[in-house]
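Notebook open, viewer loaded. I'm going after the charged side chains today and jotting things down as I go.

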Amino acid sequence: MNKKGFIFDLDGVIVDTAKYHFLAWKALAEELQIPFTIEDNERLKGVSRLQSFEIILEIGNRTMTDEEKEFYCTKKNNLYKTYLEKLEKDEVLPGVRTFLEAAKTAGIPTALGSASKNAVFILEKLDLMDLLDAIIDGTSVSAAKPDPEVFLKGAEALSLAPEDCIVFEDSFAGIEAAHRGCMKAIGVGSKENLPEADAWITGFDGLMPEDILKMC
Ligand code: B16
Ligand code: MG
């Protein structure tokens, strides 16, 4: 069997930053008098910052120029970063640190594959930088998931064939991106929410890399 590698999405897989995205988008939506609920926030998971704002504008039946969109995206990000400043190491989702440490010990290459432009800031806050061999994030890709670019660049950075990479994803678009990149996709969530995944885990608590290799 060829050597395998793991590629991890960030939000919803390593850490729950969705709650902070929601607080920041909610404040902006209120300013713009657009109704925005926690259910609406589900649509923003795994989606780029600009696309997220365009979904919010669609909810409010509003249009804006590119300059206005950029202005509000920057405003949202500044507020989001005030929450990230307060991020604590223990906000890493249960079992993730142990799983990454075990992968490192076993010599399994690991990469991040996230849409976020704040990924390095978040990983530094969580003290996880040393446990990932490559970081591919929103600053290094031009096409958003479900385009496979982020994961293909991850495979390349790990010097692995895409077929030998296993992606961990919590979003529908991310599972599709993994498959379009010819990779196996482990859904972090339920079969109902991520029906296209190859296998499912509820999280990393109690899970070891060999458990995943047996699944794929
Ligand atoms: P930023 P992921 C995604 O992270 C989030 O799920 C999504 O809600 C967010 O809009 C996107 O990152 C961009 O984040 O505004 O920090 O650049 O799931 O791909 O790790
Ligand atoms: Mg995610």
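Which residue does glutamate 176 form a salt bridge with? I looked it up, keeping in mind that this is a predicted model. The partner is arginine 180, with the closest N and O atoms 3.4 Å apart. Both sit in helix 8, 4 residues apart, about one turn of the helix. Glutamate 176 is partly exposed at 34% relative accessibility, and arginine 180 is partly exposed too, at 46%.

Next I checked what helix 8 (residues 172-180) buries: Ala173, Gly174, Ile175, Ala177 and Ala178. These pack against helix 7 (149-157), strand 4 (165-169) and strand 5 (184-188). After the helix comes cysteine 182, and I noted its positive phi, near 65 degrees.

Then over to helix 7, where I found lysine 153 and glutamate 149 in a salt bridge (3.0 Å, N to O). They are also 4 residues apart in their helix. Lysine 153 is partly exposed at 31%, whereas glutamate 149 is buried at 15%.

The full count came to 11 salt bridges, so I pulled up one that ties together parts 136 residues apart in sequence: aspartate 9, in the loop between strand 1 and helix 1, and lysine 145, in the loop between strand 3 and helix 7. Their N to O distance is 2.9 Å. Aspartate 9 is buried at 4% relative accessible area, and lysine 145 is buried at 8%. I also see Glu169 linked with Asp9 and Lys145 in a network of salt bridges.

Last stop, the surface: Asp66, Glu67, Glu68 and Glu70 form a negative patch. I checked glutamate 67, which lies in helix 4 (residues 66-85) and is exposed at 60%.

Key
Residues are numbered from 1 along each chain as its sequence is written. Chains are lettered from A and ligands numbered from 1 in the order in which they are written. This is a predicted model: local features need pLDDT of at least 70, side-chain atom pairs count only at pLDDT 80 or more; totals for chains, interfaces and linings use all residues. Side-chain values use heavy atoms; hydrogens and water are left out. Patches are made of residues with over 30% relative accessible area and no salt bridge: like charges are joined within 9 Å, nonpolar side chains (Val, Leu, Ile, Met, Phe, Trp, Tyr) within 5 Å. Accessible areas come from the Shrake-Rupley method with a 1.4 Å probe; for residues, only the protein chains shown count as cover. A salt bridge is a side-chain nitrogen of Lys or Arg within 4 Å of a carboxyl oxygen of Asp or Glu. Lys and Arg count as positive and Asp and Glu as negative; His and the chain ends are not counted. The place of a charge is taken as NZ of Lys, CZ of Arg, CG of Asp or CD of Glu. Helices (H or I, at least four residues) and strands (E, at least two) are DSSP runs, numbered from the N terminus. Buried means under 20% relative accessible area, exposed over 50%, partly exposed in between (1.4 Å probe, protein chains only). Contact means heavy atoms within 4.5 Å.
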